[in-house]
Amino acid sequence: QNAIYNAGLSGVLPDYPVDFASLQARAEKALSPMLLNYVQGGCGDEHTQYSNASAFHHWGMVPRMLVDCSERDLSIELFGTRYHSPIFMAPIGLNGEVTQDRKGDVAAARASAETGVPFCASTLSNTPIEEVATAAGNTPGFFQLYTPKHEGLAESLIQRAETAGYRALVITLDTWLTGWRPRDLNTANFPQLRGKVLENYFSDPVFRSLLDKPPEEDLAAAVGTWAATFGKVLTWDHIAWFREMTNLPIVLKGICHADDARRAADLGVDAIYCSNHGGRQANGGIAAIDMLPGVVKGAGGTPVLFDSGVRSGSDVIKAIALGATAVGIGRPYLYGLAIGGAGGAAHVLRSILAEADLLMAVNGYPTLEAVRSAGAEITRD
Ligand code: FNR
């Protein structure tokens, strides 16, 4: 894990930054103002987005000494697969746009193949999810669903994910409507981006059957049909409907309240994903990391995935100490893609993992289980 750091100490500096601030500064230069607003923007005055990251600084761990940490194990078991790291790439719609060839989702999948860090493909992938799954090679990923109103279309998207070899169905609950994001309005980016991002949708046979003319002939009508079918209003009753539709493990993304976590666990979902969408959906909320302990308690043993505000290896370790099974990396890998494609994203993931590994070593935690059982040693100021 520490190849990047050790090489740096001996004078071979990394090609890309290893800290989030420098990474972001590089990405700001690489992205157009429109894309930057899309990627960086959050809801309202972005206070929740800001708190997501800054709240990590209020949590601290107490190091333990005289523990043999010469070997560290960062592997986890998730959905019946052993992954050698506890991080994954969170689902990001339009991620394809951030690379020159508009195939950023394929580049992210290549980074996944290279690093063994699973990638969660978004419904709003630029590239059909089958092609993305192939690019991920031997690292099985997850598929994130924005549930369409049209039930046959929802079923088709899920079936395609299952056939393509994704290992979990991540159902995003917080985005049946898009939040109030001033930066989207400031650069009017949505109309420009929408027509480009929908190739995963546009390739769907059920979606195509809803159109008079294929998207290649009438893009505006296809975009209109997409908008009209987006965003089914879900309630707890729909969980059984999903369960009937698929054998994939079901993950509910956007659960932040302990009672919701308890209810989801009682319904037998396979994992709960604590996230506030990186502050992009509701402003004025509590930092996601501060909600994690309650969600873990409510989940009562059901695995908990976490994202929102994770910027470093120490953030990853803190989330695990607070009970997360796996930790999602969002904007940082996107910035990696923007500055260096698959190689840039792989670098970001490796840097985060290397820092996490080093932190475990110096803090006296040889395994993630040791980090988790040190939960009592993590405190908030
Ligand atoms: C997202 N996120 C997201 N989530 C999801 O379930 N489906 C999606 O298509 C998207 N799209 C998306 C686009 C962009 C530009 C961003 C930044 C985020 C939310 C994502 O999965 C994750 O919850 C956040 O990125 C976590 O916040 P940070 O750590 O990136 O700030």
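**View 1. Leu-66 in the loop between strand S1 and strand S2.** Leu-66 has 5 C-beta neighbours inside 10 Å and therefore counts as exposed (20 or more other C-beta atoms within 10 Å of a residue's own make it buried, 12 or fewer exposed, and anything in between partly exposed, with C-beta atoms placed from the backbone). Its phi is near 60°, a positive value in a residue other than glycine. The loop joins S1 (59–61) to S2 (76–78); strands are DSSP runs of E with at least two residues, helices are runs of H or I with at least four, and both are numbered from the N terminus. This is a predicted model, in which local features need pLDDT of at least 70 and side-chain atom pairs count only at pLDDT 80 or more, while totals for chains, interfaces and linings use all residues. Residues are numbered from 1 along each chain as its sequence is written.

**View 2. Arg-102 in the loop between strand S4 (87–89) and H5.** Arg-102 is not a glycine, yet its phi is positive, about 60°. With 16 other C-beta atoms within 10 Å, Arg-102 is partly exposed.

**View 3. The surroundings of the ligand include Ala-90 and Ser-122.** Of the 22 residues around the ligand, Ala-90, Gly-93, Ser-122, Gly-278 and Gly-330 come nearest (a residue is near a molecule or strand if its C-beta atom, placed from the backbone, lies within 6 Å of it). By class, the shell has 7 nonpolar, 11 polar and 4 charged residues. Ala, Val, Leu, Ile, Met, Phe, Trp, Tyr, Cys and Pro count as nonpolar, Asp, Glu, Lys and Arg as charged, and the others, Gly among them, as polar.
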